[in-house]
Amino acid sequence: MVTTADRGRLITCRIRKGSSDQIQRHAAVEDMNYVISGTGKAICNGTESIISAGGYLTFKSGSNYSIKNTGDEDLVLLSFVKEA
């Protein structure tokens with residue numbers, strides 16, 4: 001699901017068990033994420049963080065990051081991507 005606003009988009013993101021997204025870099029946007037369900041590992045500019053349901057993470061403009069599902073169920077995120 002994607003919902004747009006004047007300065008951003010609200011996106012539901014699902015990462016399947018055993019999967020990960022590719023390393024991303026948003027040059028002119030910030031990416032704010034709330035973990036709805038599942039567990040995983042976020043890597044941002046070389047720093048690893050464990051994430052789980054109820055957690056929150058932000059990737060600032062210019063960051064290199066990826067998210068990997070390390071759990072036994074889908075990792076579901078609610079992401080707000082806004083212009084920096």
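The side chains of Glu 48 and Lys 41 meet in a salt bridge, with 3.8 Å from N to O. A salt bridge is taken here as a side-chain nitrogen of Lys or Arg within 4 Å of a carboxyl oxygen of Asp or Glu. Glu 48 is exposed, at a relative accessible area of 53%. Lys 41 is partly exposed, at 23%. Buried means under 20% relative accessible area, exposed over 50%, and partly exposed in between (1.4 Å probe, protein chains only).

The model is predicted; local features need pLDDT of at least 70, side-chain atom pairs count only at pLDDT 80 or more, and totals for chains, interfaces and linings use all residues. Residues are numbered from 1 along each chain as its sequence is written, and side-chain values use heavy atoms, with hydrogens and water left out.

The structure holds 3 salt bridges. Side chains of opposite charge can pair when their charged atoms come close. Arg 14 and Asp 74 form one such bridge, at 3.2 Å from N to O. Arg 14 lies in strand β2 (residues 8-15) and Asp 74 in the loop between β8 and β9, so this pair ties together parts that are 60 residues apart in sequence. Asp 74 also meets Arg 16 in a salt bridge, at 2.6 Å from N to O. Arg 16 sits in the loop between β2 and β3, 58 residues from Asp 74. Arg 14, Arg 16 and Asp 74 are thus linked in a network of salt bridges. Within this network, Asp 74 is buried, with a relative accessible area of 18%. Arg 14 is partly exposed, at 48%.

The secondary structure comprises 0 helices and 9 strands. Helices (H or I, at least four residues) and strands (E, at least two) are DSSP runs, numbered from the N terminus. Along the sequence the pattern reads β-β-β-β-β-β-β-β-β. An open sheet of 4 strands has the order β3-β8-β5-β6, with antiparallel pairing. Strands β3 (24-25) and β6 (47-52) stand at the edges with a single partner strand each, so one side of each lacks a neighbour in the sheet. Two strands pair if DSSP finds at least two bridges between them. The antiparallel pairing of β3 with β8 runs over 2 bridges. In β8, Asn 64 is the bridge partner of Arg 25.

The largest nonpolar core has 10 residues: Ile 15, Val 35, Ala 42, Ile 51, Leu 57, Phe 59, Tyr 65, Ile 67, Leu 75 and Leu 77. Strands β7 (56-59), β8 (64-69) and β9 (75-83) each supply at least two residues of this core. A nonpolar core is a set of buried Ala, Val, Leu, Ile, Met, Phe, Trp, Tyr and Cys residues joined through side-chain atoms within 4.5 Å. Beyond four places in sequence, Phe 59 touches Glu 30, Asp 31, Asn 33, Ala 42, Cys 44, Tyr 65 and Ile 67. Contact means heavy atoms within 4.5 Å.

Chain totals complete the description. Of the 84 residues, 33% count as buried. Among contacts between residues at least 6 apart in sequence, 70% join residues at least 24 apart. The chain exposes about 5,100 Å², and carbon and sulfur atoms supply 50% of this area. Accessible areas come from the Shrake-Rupley method with a 1.4 Å probe; for residues, only the protein chains shown count as cover.
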